[in-house]
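Here is a short tour of a protein chain, written for someone who likes to think about helices, pockets and packing. Have a look at the model first, and then read on.

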Amino acid sequence: MTDRRRAARGITALALALGILFILGATVHSAYAATYRQGSSGEAVRTIQTKLQRWGYYDGAVDGIYGSATVEAVKYFQRANGLTADGVAGPATLRALGMEAEADSGGGAQVGSGDLALLARVISAEARGEPYNGQVAVGAVILNRVAHPSFPNTISGVVYEPGAFSCMLDGQFDEPVADSAYQAARDALNGVDPTGGAIYYFNPATATSAWIWSRPLITVIGSHRFCS
């Protein structure tokens, strides 16, 4: 074998090795990004805490800081759901929580594979009995909040923000999801927005908050007023 051929083979082998290392590095980074443990912080941790609190596994502060109390709550949840009770919210635990296995990006809207089901559930719970356009409108409000700097930048973060949606308090969230809600969620995710950019809505027949009545009206669809 000539020196030139040996050199060419050496370069090829080096390139292959570097490629493998790059793929492995990306895989490790992806796995780490999808994992939350003691010391983590951010909107995803807040969502984990909110879900655990709502389901009775956690009674600490929803502060977005993965401390020892959150670790114990995650272990409690893991044991109850047949998962390894290590207190680490990895991909399997996040799936059991109904969350996307993704890291906080530090800004910008995040839309993952589980968002359709969650968005459809909220639409069904909040707009059951509303015209189809009104169902899409509720989904659009949630997505408008995701994109707005005053709200969490994930669908799950918006949905589980304390006090944001009455369906989380009155049991409607846990009711079966209407078939139309899935199509409404798809339309909203595809950019359909009958509200014209609303970030709030309410039913004037039941709303008693002076603050919500003070929000500038954009449009009325069914029994909901949609506001900026």
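The report below goes from the overall fold to the helices, the hairpin and the pockets.

## The chain as a whole

Please keep in mind that this is a predicted model. The chain holds 10 helices and three strands, and along the sequence they come in the order α-α-α-α-α-α-α-α-α-β-α-β-β.

Of the 228 residues in the chain, 37% are buried. Take the contacts between residues at least 6 apart in sequence: 57% of them join residues at least 24 apart.

## Helix α6, a largely enclosed helix

Helix α6 covers residues 132–147. Its 16 residues should span 22 Å at 1.5 Å a residue, and the 23 Å between its end C-alpha atoms agrees with that. Since 12 of the 16 residues are buried, α6 is largely enclosed by the rest of the structure. The buried set is made up of Gly134, Gln135, Val136, Ala137, Val138, Gly139, Ala140, Val141, Ile142, Leu143, Arg145 and Val146.

What covers these buried residues? The cover includes the helices α5 (115–127), α7 (155–159) and α9 (179–189), together with the strands β1 (200–202), β2 (217–221) and β3 (224–227). Further along, Asn153 sits in the loop between α6 and α7. Asn153 has a relative accessible area of 16%, which is under the 20% cut-off, so this loop residue is buried. Its C-alpha atom lies 9.1 Å from that of Leu143, a residue 10 places away along the chain.

## Helix α5, a partner of α6

Helix α5 has 13 residues and reaches 17 Å from its first C-alpha to its last, close to the 18 Å expected at 1.5 Å a residue. With 10 of those 13 residues buried, α5 is, therefore, largely enclosed by the rest of the structure. Its buried residues are Asp115, Leu118, Leu119, Ala120, Val122, Ile123, Ser124, Ala125, Glu126 and Ala127.

The cover over the buried part of α5 includes α6, α7, α8, α9, β1 and β3. After the helix comes Gly129, which has a positive phi, near 90°.

## Helix α2

Now to residues 43–54, which form α2. The 12 residues of this helix should span 16 Å at 1.5 Å a residue, and the end C-alpha atoms are indeed 16 Å apart. Buried here are Ala44, Val45, Thr47, Ile48, Gln49, Thr50, Lys51 and Leu52. They pack against α3 (68–80), α4 (91–96) and α7.

Just after α2, Gly56 takes a positive phi of about 85°.

## The β2–β3 hairpin

In which sense do β2 and β3 pair? They are antiparallel, and four bridges join them. One of the bridge pairs links Val220 with Arg225 of β3.

Two residues separate the strands of this hairpin, and Gly222 in the turn has a positive phi of about 60°.

## The largest pocket

The largest pocket has a volume of about 510 Å³. Its lining counts 22 residues, and those nearest its centre are Glu126, Ala164, Phe165, Ser166 and Tyr201. Glu126 is also among the buried residues of α5.

Which elements each supply at least two residues of this lining? They are α5, α8 (167–170), β1 and α10 (210–213). By residue class, the lining divides into 13 nonpolar, four polar and five charged residues.

## The second largest pocket

The second largest pocket holds about 160 Å³ of space. Its lining is formed by Thr50, Gln53, Arg54, Val159, Tyr160, Glu161, Pro162, Gly163, Ala164, Phe165, Met168 and Leu169. Two of these names, Ala164 and Phe165, also appear among the residues nearest the centre of the largest pocket.

Both α2 and α8 supply at least two residues of this lining, and α2 gives the most, with three. The classes here are seven nonpolar, three polar and two charged residues.

Conventions: Residues are numbered from 1 along each chain as its sequence is written. This is a predicted model: local features need pLDDT of at least 70, side-chain atom pairs count only at pLDDT 80 or more; totals for chains, interfaces and linings use all residues. Side-chain values use heavy atoms; hydrogens and water are left out. The expected span of a helix is 1.5 Å times one less than its number of residues. Buried means under 20% relative accessible area, exposed over 50%, partly exposed in between (1.4 Å probe, protein chains only). Contact means heavy atoms within 4.5 Å. On a 1 Å grid over the protein atoms alone, a cavity is a set of points where a 1.4 Å probe fits but cannot get out, and a pocket is an open set with protein on both sides within 12 Å along at least five of seven lines; lining residues have an atom within 4 Å of a point. Grid points are joined across faces, edges and corners, and a volume is the space filled by probe spheres set on the points. Ala, Val, Leu, Ile, Met, Phe, Trp, Tyr, Cys and Pro count as nonpolar, Asp, Glu, Lys and Arg as charged, and the others, Gly among them, as polar. Two strands pair if DSSP finds at least two bridges between them.
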